[in-house]
Amino acid sequence: MSALVCVARIGAAHGVRGAVKLWTFTEDPFAIRRYGPLSSKDGKRQFEVATAREARDHLVATFKGVTTRDEAERLNGIELYVPRGKLPATEEDEYYHTDLIGLAAVTTDGNALGRVVAIQNFGAGDIIEIAPPKGPTVLLPFSNAVVPEVDLKGGRVVIALPQEIEGEDEDASPGRPRERGDP
């Protein structure tokens, strides 16, 4: 089985005839209709989009075989996947998040930082999450300035660590709160 890529997540029921809110993770939200049957992550359930219409920040969709609000409510939270091979090829400097997960992260000097564990987006742009060998994960902007090179064939991303993180105070000790007027 080829790698699966998450293309959508089912939200709450919408109305009484089996429709759901559907958040898509594709450039064209309606592309999910072209991929054929979508599956749950474990592959045990198949979903075929019957109808889809645009709403404010999501689609309102129905699935074949789902005709009541109760059936739709039971689908809330299910992520929908397609085989990687069904997705279109990417352009230069475009990547599917799934292709980045697991890549080694190294500094511009070649020092190991860890592995890419996720690409997050909390509304202000993509963030790359790197798990070092020890300690908590590191979150950095996924931008050309911070990630100047993605080498899929080489299995790595190059990270230009920011020199200073805004708001950090080198003089403040973790046990002492900053006082007004502290440098």
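This is a short talk on the fold, the cores and the largest pocket of one chain.

The model is predicted, and everything I say is computed from it. The chain has 183 residues, and 31% of them count as buried. It contains 2 helices and 13 strands. If you take the contacts with a separation of 6 or more, 46% of them join residues 24 or more positions apart. The accessible surface comes to about 12000 Å², with 49% of that belonging to carbon and sulfur atoms.

I will start with the cores. The largest nonpolar core is made of 25 residues. Val-7, Ile-10, Leu-22, Ile-32, Leu-38, Phe-63 and Leu-80 have the most contacts inside this core. Which elements give two or more residues to the core? They are E1, strand E2 at 19–24, strand E5 at 49–54, strand E6 at 59–63, and E7. E1 supplies the largest share, 5 residues.

Take Leu-38 as an example from that core. Neighbours within four places in sequence aside, Leu-38 is in contact with Val-7, Ile-32 and Leu-80, which I have already named, and also with Arg-45, Gln-46, Phe-47, Val-49, Tyr-81 and Val-82. Apart from this core lies another one, of 13 residues, and among them are Ile-119, Val-146, Val-147 and Val-157.

Next, two buried residues on other elements. Leu-100 sits in helix H2. Is Leu-100 buried or exposed? Leu-100 counts as buried because its relative accessibility is 0%. Setting aside neighbours within four places in sequence, its contacts are Tyr-95, Val-116, Ile-119, Phe-142, Val-150 and Leu-152. One of these, Ile-119, belongs to the 13-residue core. Leu-100 and Ala-118 are 18 residues apart along the chain, with their C-alpha atoms separated by 7.9 Å.

The second is Ile-130, in strand E10, residues 126–131. Ile-130 has a relative accessibility of 2%, so it counts as buried. With the same four-place neighbours left out, Ile-130 is in contact with Ala-105, Leu-113, Gly-114, Arg-115, Thr-137, Val-138, Leu-140 and Ile-159. For the Ala-105 pair, 25 residues apart along the chain, the C-alpha separation is 7.2 Å.

For contrast, here is Ala-55, in the loop between E5 and E6. Its relative accessible area is 23%, and the cut-off for buried is under 20%, so Ala-55 is classed as partly exposed. Ala-55 lies 8.6 Å from Lys-21, C-alpha to C-alpha, although 34 residues separate them in sequence.

Now the pocket. Rolling a probe the size of a water molecule over the atoms shows where empty space is left. The largest pocket has a volume of about 1200 Å³. Which of its 35 lining residues are closest to the centre? They are Cys-6, Phe-25, Tyr-95, Tyr-96 and His-97. The elements that give two or more residues to the lining are strand E1 at 4–14, strand E7 at 79–83, helix H2 at 97–100 and strand E9 at 112–121. By class, the lining has 19 nonpolar, 6 polar and 10 charged residues.

A last remark ties these parts together. E1 and E7 each give two or more residues to the largest core, and E1 and E7 also appear among the elements lining the largest pocket. Tyr-95, one of the residues closest to the pocket centre, is also in contact with Leu-100.

Conventions:
Residues are numbered from 1 along each chain as its sequence is written. This is a predicted model: local features need pLDDT of at least 70, side-chain atom pairs count only at pLDDT 80 or more; totals for chains, interfaces and linings use all residues. Side-chain values use heavy atoms; hydrogens and water are left out. On a 1 Å grid over the protein atoms alone, a cavity is a set of points where a 1.4 Å probe fits but cannot get out, and a pocket is an open set with protein on both sides within 12 Å along at least five of seven lines; lining residues have an atom within 4 Å of a point. Grid points are joined across faces, edges and corners, and a volume is the space filled by probe spheres set on the points. Helices (H or I, at least four residues) and strands (E, at least two) are DSSP runs, numbered from the N terminus. Ala, Val, Leu, Ile, Met, Phe, Trp, Tyr, Cys and Pro count as nonpolar, Asp, Glu, Lys and Arg as charged, and the others, Gly among them, as polar. A nonpolar core is a set of buried Ala, Val, Leu, Ile, Met, Phe, Trp, Tyr and Cys residues joined through side-chain atoms within 4.5 Å. Buried means under 20% relative accessible area, exposed over 50%, partly exposed in between (1.4 Å probe, protein chains only). Contact means heavy atoms within 4.5 Å. Accessible areas come from the Shrake-Rupley method with a 1.4 Å probe; for residues, only the protein chains shown count as cover.
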